[in-house]
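Biologist: I'd like to learn how to read a protein model piece by piece. Could you walk me through one?

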Amino acid sequence: MEDEVDRLVAAWRRERPDLDVEPLEVLSRVSRLARHLDRARRIAFAEHQLEPWEFDVLTSLRRAGAPYQLSPGQLLTQTLVTSGTMTNRIDRLAKKGLVERLPDPSDRRGVLVRLTAEGRDRADQALAGLLAQERAILAELSAGQRRELAGLLRELTAPFDNLPG
């Protein structure tokens, strides 16, 4: 079965036979898949009235386990946004009743961000919707192929995920 990347690579090989365009065969497909995944994520989140960034913050808190709370600094680390952006996001989620701010008992100046019951329900429902979308994307692969692909992608991404700083 031919795809758009096959056609793109063939055209580049014809037009620029002096270049090794083999990386396009993998990375252009990864890029195209990322666009499809982004679309699927947006659909899954919209069904639960969530933006992608809201899902990221809510699920960071949900993964923390009971009592589903983290410091703003811990949320920064998990979501890779600036302090100002995180403050804005926490404010917006608090206005929607999805999170609440609490004093940090270990630091009088600090706060903790806790998932509300509604925030937990929305995160859980959106995650279930996302997983259904992702299963559909991966449906053509066998379980063994999914495991193999996951391992290969891990080899590519781990060096980026383990950079200092």
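**Reading the model together**

Modeller: Let's begin with one residue: Leu33 counts as partly exposed, because its relative accessibility is 42%. Keep in mind that this is a predicted model.

Biologist: Where is Leu33 found?

Modeller: Leu33 is found in helix α2. Its C-alpha atom is separated by 9.0 Å from that of Ile137, although the two residues are 104 residues apart along the chain.

Biologist: How should I read Ala46: in which helix is it found?

Modeller: Ala46 is found in helix α2 too. With a relative accessible area of 49%, Ala46 is partly exposed, because exposed means over 50%. Here's another pair to look up: the C-alpha atoms of Ala46 and Gly129 are separated by 9.9 Å, with their positions 83 residues apart along the chain.

Biologist: Okay, on to helix pairs. At roughly what angle do the axes of α1 and α2 cross?

Modeller: Helix α1 covers residues 4-15 and helix α2 covers residues 22-46; their axes come within 10 Å and cross at roughly 145°. The crossing of α1 past α2 is right-handed. On the α1 side, the contact is made by Glu4, Val5, Asp6, Leu8, Val9, Trp12 and Arg13, while α2 brings Glu22, Leu24, Glu25, Ser28, Arg29 and Arg32.

Biologist: How many of the residues in that contact are nonpolar, polar and charged?

Modeller: The contact of α1 with α2 divides into 5 nonpolar, 1 polar and 7 charged residues.

Biologist: What's the general idea behind a nonpolar core?

Modeller: In soluble globular proteins, nonpolar side chains tend to be buried together. In this model, the largest nonpolar core has 21 residues. Those with the most contacts inside it are Phe45, Leu58, Leu61, Leu75, Leu93 and Val99.

Biologist: Which elements give two or more residues to this core?

Modeller: They are α2, α3 (52-63), α5 (83-95), β3 (107-115) and α6 (117-137). Helix α3 gives the most, with 5 residues.

Biologist: Can we zoom in on one core residue? What does Leu93 touch?

Modeller: Leaving out residues up to four places away in sequence, Leu93 touches Trp53, Glu54, Val57, Leu58, Leu98 and Val99.

Biologist: Now the strands. What is their order in the sheet?

Modeller: It's an open sheet of 3 strands, ordered β1-β3-β2, and the pairing is antiparallel. The edge strands are β1 (69-70) and β2 (99-104), each pairing on one side only.

Biologist: How many bridges does each pairing have?

Modeller: β2 and β3 pair in the antiparallel sense over 6 bridges, and β1 pairs with β3 over 2 bridges, also antiparallel. To get from β2 to β3, the chain uses a hairpin of 2 residues.

Biologist: How do I find who faces whom across the strands?

Modeller: Follow the bridge partners into β3. Glu100 has Arg114 as its bridge partner, Leu102 stands opposite Leu112, and Leu70 is partnered with Val113. As for the side chains, there's a general rule: in a regular strand they alternate between the two faces of the sheet.

Biologist: Which strands does α3 touch as it packs on the sheet?

Modeller: α3 touches β1, β2 and β3, and its direction makes about 100° with that of β3.

Biologist: Last topic: the backbone angles. What should I expect as a rule?

Modeller: Most residues other than glycine have a negative phi, and most peptide bonds are trans. Now look for the exceptions. The peptide bond from Ala66 to Pro67 is cis, with omega near 10°. Pro67 lies in the loop between α3 and β1.

Biologist: And what is the phi of Tyr68 near?

Modeller: The phi of Tyr68 is near 60°, a positive value in a residue other than glycine. Tyr68 is in the loop between α3 and β1 as well.

Biologist: Why does Tyr68 count as buried?

Modeller: Tyr68 counts as buried because its relative accessible area is 15%, and the cut-off is under 20%.

Biologist: Where should I look for Leu80, and is it buried or exposed?

Modeller: Look in the loop between α4 (72-79) and α5. Leu80 is exposed, because its relative accessible area is 75%. Leu80 also has a positive phi of about 55°, although it is not a glycine.

Technical notes:
Residues numbered from 1 in each chain as written. Predicted model: local features only at pLDDT ≥ 70, side-chain atom pairs only at ≥ 80, totals over all residues. Heavy atoms only, no water. Axes fitted to C-alpha atoms, helices over the stretch in contact; angles between N-to-C directions. Helix = DSSP H or I, 4+ residues; strand = E, 2+ residues; numbered from the N terminus. Left-handed = near helix turned anticlockwise from the far one by under 90°. Contact = heavy atoms within 4.5 Å. Nonpolar A, V, L, I, M, F, W, Y, C, P; charged D, E, K, R; others polar. Core = buried A, V, L, I, M, F, W, Y, C linked by side-chain atoms within 4.5 Å. Buried < 20%, exposed > 50% of the residue type's maximum accessible area, 1.4 Å probe, protein only. Pairing = 2+ DSSP bridges.
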